[in-house]
Amino acid sequence: MRKLMWFTLGFGGITGLGMFLTDPLQYLILAFLCLTLGVFFRILSPSWGRVVLMAMAGGTVGALWLFAYGQVYLAPLKTLDEKPQNLVIEATDYPDETQMGQTADGNVTLAGRTYKIRFYLDRGETVSPGDQIYGTFSLAFTPEMDNAYYPGLGIFLLGYPVGEPMVLPGESLSWQYFPAQLRRSAMDILASLFPSDTAAFAQALLLGQTENLSAGTDRVLEQSGIRHVVAVSGLHVSILFGMVHLLTRRKRWLTALLGIPVLLLFSAVAGFSPSIVRACAMQVLMILAMLWEREYDPPTALAFGAGILLLWNPYTITSVSFQLSVGSMAGIFLVSGKIRGYLMDKKRLGRWNRKTLPGRLAAWGAASFSVTLGAMLLTTPMCAYYFGTVSLVSPVSNILLLWLVTWIFYGIIVCVLLGGFLAPVAGILAQAVSWGIRIVLGAAKVLGNLPYATIRTENVYLMSFLVFAYGLLLLFLFLRPKKPRLLCVCLAIGLVSSIFFSTMERFTDSYRVTVLDVGQGQCVLIQCGGDCFVVDCGSQSGSQAGEWAADALKDQGVSRISGLILTHYDFDHTSGARELMELVETDTLYLPHTPEADRTLAQGAEQVYWISTLLELPCGTGKITILPGEMDSTGNENSLCILFQAENCDILITGDRNQEGEAYLLEQIDLPRLDVLIVGHHGADSSTGLALLEKTRPATAVISVGAENGYGHPQPEVLQRLELFGCRVLRTDQNGTIVLRG
């Protein structure tokens, strides 16, 4: 019986459940219930009772550990939430640049205990590991924040400086900060050796440092289903160990003496992320089992790695990296062997002699395909939940590209090792490795741009297929005899059907208007007949709005847009425009011709039309009327207004115009009664005045607004005015992406 596996399963399950509890007393009650259930089932069933008892014992320990961790270790931090404190922080890593400045990690001593803190500094401040930062910081207790990212990394405090902190350089770099220094040195070497178009990928592949990846490259990797290659994980550990095993000529003692220190150093350099710690723990267990000629049990090793992380920090259970890492390995253990065995049957790929080239290729293809499907089994629902996307092309891209990624990884390691003392030789090798990187990125771009390569959770038809697929898999488990061919045929029919209905839906609607959830910003898609226009494409999240818009269009089979209309030049309306034009072919860019005109936005556009007078554009069976602001107006008053009219449909978008601008709009055109009003300025009180509502009396008001934004949008006065006129109110912060169709 795999006692450790069942114990860890119970420990992790109760730890995950405990994340939803708030009262410490509930942990004690949970521990009592687990212990009682374990004893009850042990008495009731001598066979299965032992398994349940072991799992419930793990659950009991998990609940007690949560109670102790919260009351002893975290309790002192709760009283400091949102309170300024005079702190001395010892930096443990180099800072990263953010939109607002810099952020770095460090250690701080409070109430006699050391805690990990992420603190913020002004841009340009020089900080190195070991430096002491003196100052007053306003603290935020991360376990009580909505974002589970920080507690999952063991960061329980965020520090915001009050005034100017003072940085004192450390006297000498301690051994504990050597991995951070080594990481920085490796980053610098790669930046100097590799060309500008491949250096960021090399840094990300070796070290998981993705901050230098362009948004386009990051999206290509995500769309093709190989984004995991730049998130340091078990894949990198297995590749590294394979290299060590080869260099030691597979001698057990030599492999252990070299392999274990190399894996520990790599884990430290990679930042001890949950996925890398889990993978290294499993690999070390495998080395020890090989050394002592003991049987290596992968599920037990997985339980050991996961258990170490949860004992170090029970909040690791909230880490998406940890969940995906454990989920992928669990899926591989569950089904990969069976899939590979089926494919390598002598009636199928196994009919070739394994010593021949066809036989070796068949074995390699079967192993790659089975591992990819196994990893996707449990991680696909997680990706749909956390990221809103699922890659359908992932099995193909992994088979085609992972072998090349392995050799690229080896090449990057050799470049770093040679870069310190044989830079010319390392530079030549880096040029060769760069061609491999370009092949990977080029192939990933082709695969990621295939129709429906990636699906989004907003696509009802394709998400229905996923539910159907998992239902079939569950049914398949109970079939006797099992019929894999029938399963594959049913899955293929389901996928083709969902793609067909997803593609045809846009042709059955007379019009479709989609208000994307881009956070604090605005992006509206207008589709009618065969035409598609995009009004605004921006978010305070930056260029991501362009990716989200491109993904939404791709889900509907749209590969070309007739026009991109930007109402004005605020960042939260334009930040994703360039990205969208790079990802989706755009016929014309429409810009307001105002004194604040940002002419850099026109770069790369096929055709630019500067709006200074009223303009009407055909849109399928309807039309779009673009109305400029007053010639002498500035700022938000320059916003273009967009009136879309189709059969039985009138929709108005006013950008960020305030009530004075709305008054000018009413003078420009005789507005009809509206079916939909896209509320101006994200629900600011200065817009959506009584005069506009009195004239148009919209049936539905849509507010594009970010959750918990710092502006208080939508403001209560606006909501009261909309309620006064009987408007149905839809909000992207509450309803997500909103689709209006007729």
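**Backbone oddities, a pocket and a greasy patch**

P714 sits in the loop that runs between β20 (700-703) and α23 (716-724). What is the geometry of the peptide bond from H713 to P714? That bond is cis, and its omega comes out near -10°. As a reminder before going further, this is a predicted model.

Two other spots stand out on the backbone, both with a positive phi. D536 is one of them: its phi is near 65°, and the residue is not a glycine. D536 belongs to strand β11, which covers residues 531-539. Its relative accessibility is 0%, so D536 counts as buried. H682 is the other non-glycine case, with phi at about 60°. Here the setting is a loop, the one between β19 (676-678) and α22 (690-696). Is H682 buried or exposed? With a relative accessibility of 1%, H682 counts as buried, because anything under 20% falls in that class.

Next comes the empty space. The second largest pocket holds about 1600 Å³. Its lining is made up of 38 residues, and those closest to the pocket centre are I339, L373, L473, L487 and L491. Which elements give two or more residues to this lining? They are helices α12 (320-343), α13 (357-387), α14 (394-419), α16 and α17 (484-508), along with strand β7 (389-391).

Helix α16, one of those lining elements, spans residues 460-478. Its 19 residues, at 1.5 Å a residue, should span 27 Å, and the end C-alpha atoms are 28 Å apart, so the expected and modelled lengths agree. As for burial along α16, the buried residues include L462, M463, F465, L466, A469, L472 and F476. A bit of helix geometry helps when reading such a list: an α-helix has 3.6 residues a turn, so residues three or four places apart point the same way. Within the list, L462, L466 and A469 are all buried.

On the outside of the model there is a nonpolar surface patch of about 560 Å². L25, L28, I29, F32, L33 and L64 make up this patch. Which helix gives the most to it? That is α2 (residues 24-44), with five residues. L64, also part of the patch, is found in helix α3, which runs over residues 48-78. L64 has a relative accessibility of 41% and therefore counts as partly exposed, since that class lies between the 20% and 50% cut-offs.

How values were computed. Residues are numbered from 1 along each chain as its sequence is written. This is a predicted model: local features need pLDDT of at least 70, side-chain atom pairs count only at pLDDT 80 or more; totals for chains, interfaces and linings use all residues. Side-chain values use heavy atoms; hydrogens and water are left out. Patches are made of residues with over 30% relative accessible area and no salt bridge: like charges are joined within 9 Å, nonpolar side chains (Val, Leu, Ile, Met, Phe, Trp, Tyr) within 5 Å. Accessible areas come from the Shrake-Rupley method with a 1.4 Å probe; for residues, only the protein chains shown count as cover. A salt bridge is a side-chain nitrogen of Lys or Arg within 4 Å of a carboxyl oxygen of Asp or Glu. Helices (H or I, at least four residues) and strands (E, at least two) are DSSP runs, numbered from the N terminus. Buried means under 20% relative accessible area, exposed over 50%, partly exposed in between (1.4 Å probe, protein chains only). The expected span of a helix is 1.5 Å times one less than its number of residues. On a 1 Å grid over the protein atoms alone, a cavity is a set of points where a 1.4 Å probe fits but cannot get out, and a pocket is an open set with protein on both sides within 12 Å along at least five of seven lines; lining residues have an atom within 4 Å of a point. Grid points are joined across faces, edges and corners, and a volume is the space filled by probe spheres set on the points.
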